[in-house]
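Trainee: Could we go through this protein together? I would like to learn where the descriptive words come from.

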Amino acid sequence: MYEGEVLNFASVDIPPVTTFCQEELGDFKQCFNNSMLHHVEEHFKLPAVAEEAGFSGRVFISFIVEKDARVSHIKIERGAAYTADIENSEEMAAAMCIDKEAIRVVQALKFIAPATVNRQPVRMAYIIPINAVPKTSKN
């Protein structure tokens, strides 16, 4: 029925299952969203070049969870350079490092089961927004 088709988050009955949600008995979609937030908070480390420059930006990164629960097709939809006012080459370097870190974080995602529709595994696309903010701001 959905052979090869990539569905969006809203179209699946149950989203991919993370270890964070494997005991969930209620709202699987809310648990999935919470687990993505938790994963980013745990794993995203602002690159030193961005921290030193006081550079902040937002990255929108997409990926697909395949029928075998692996992550594929990781893509920066809108990088940190797009979402910030770049004033110099130092900030451009910082934006590029933030994008690279966002890719690393998504590559580290692990799912124990794929998304399903009518109890059948399906491919599902998802986009994560990542806010990259330094602990100290630029003067």
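Mentor: Gladly! Let's begin with one residue: Asn8 stands opposite Ala125 in β5. Keep in mind that this is a predicted model.

Trainee: What makes β1 and β5 a pair of strands?

Mentor: Two strands pair if there are at least two bridges between them. Three bridges join β1 (residues 6-8) to β5 (residues 120-132), so they count as a pair, and they run parallel.

Trainee: Which other strands are joined to β5, and how do they run?

Mentor: β2 is joined to β5 by nine bridges, and these two run antiparallel; Val65, for instance, has Met124 in β5 as its bridge partner. β4 also runs antiparallel to β5, with three bridges. There, Val117 has Gln120 as its partner in β5. β4 and β5 form a hairpin with two residues between them, and Asn118 in the turn has a positive phi of about 50°.

Trainee: What joins β2 to β3?

Mentor: Five bridges join β2 (residues 57-65) to β3 (residues 71-78), and the strands run antiparallel. Phe60 stands opposite Arg78 in β3. This hairpin has five residues between its strands, and Ala69 takes a positive phi near 75°.

Trainee: Now the helices. Why is α1 called oblique to α3?

Mentor: The axes of α1 (residues 28-43) and α3 (residues 89-107) come within 10 Å and cross at roughly 125°. Angles of 65 to 115 degrees count as roughly perpendicular and those over 145 as roughly antiparallel. The angle here fits neither range, and that makes α1 oblique to α3. The crossing is right-handed.

Trainee: Which residues meet there?

Mentor: His39, Val40 and His43 in α1 meet Glu101, Arg104 and Val105 in α3. By class, this contact has two nonpolar, two polar and two charged residues.

Trainee: How many aromatic pairs are there?

Mentor: The count comes to five aromatic pairs. One of them is formed by Phe32 and Phe111.

Trainee: How do you know that the pair of Phe32 and Phe111 is stacked?

Mentor: Ring centres must lie within 6.5 Å to pair, and planes under 30 degrees apart count as stacked. For Phe32 and Phe111, the values are 6.0 Å centre to centre and 20° between the planes, so both conditions are met and the pair is stacked. Phe32 lies in α1 and Phe111 in the loop between α3 and β4, so the pair ties together parts that are 79 residues apart in sequence.

Definitions and conventions: Residues numbered from 1 in each chain as written. Predicted model: local features only at pLDDT ≥ 70, side-chain atom pairs only at ≥ 80, totals over all residues. Heavy atoms only, no water. Axes fitted to C-alpha atoms, helices over the stretch in contact; angles between N-to-C directions. Helix = DSSP H or I, 4+ residues; strand = E, 2+ residues; numbered from the N terminus. Parallel < 35°, antiparallel > 145°, perpendicular 65-115°, else oblique. Left-handed = near helix turned anticlockwise from the far one by under 90°. Contact = heavy atoms within 4.5 Å. Nonpolar A, V, L, I, M, F, W, Y, C, P; charged D, E, K, R; others polar. Phe/Tyr/Trp six-rings, centres within 6.5 Å; stacked < 30°, edge-to-face > 60°.
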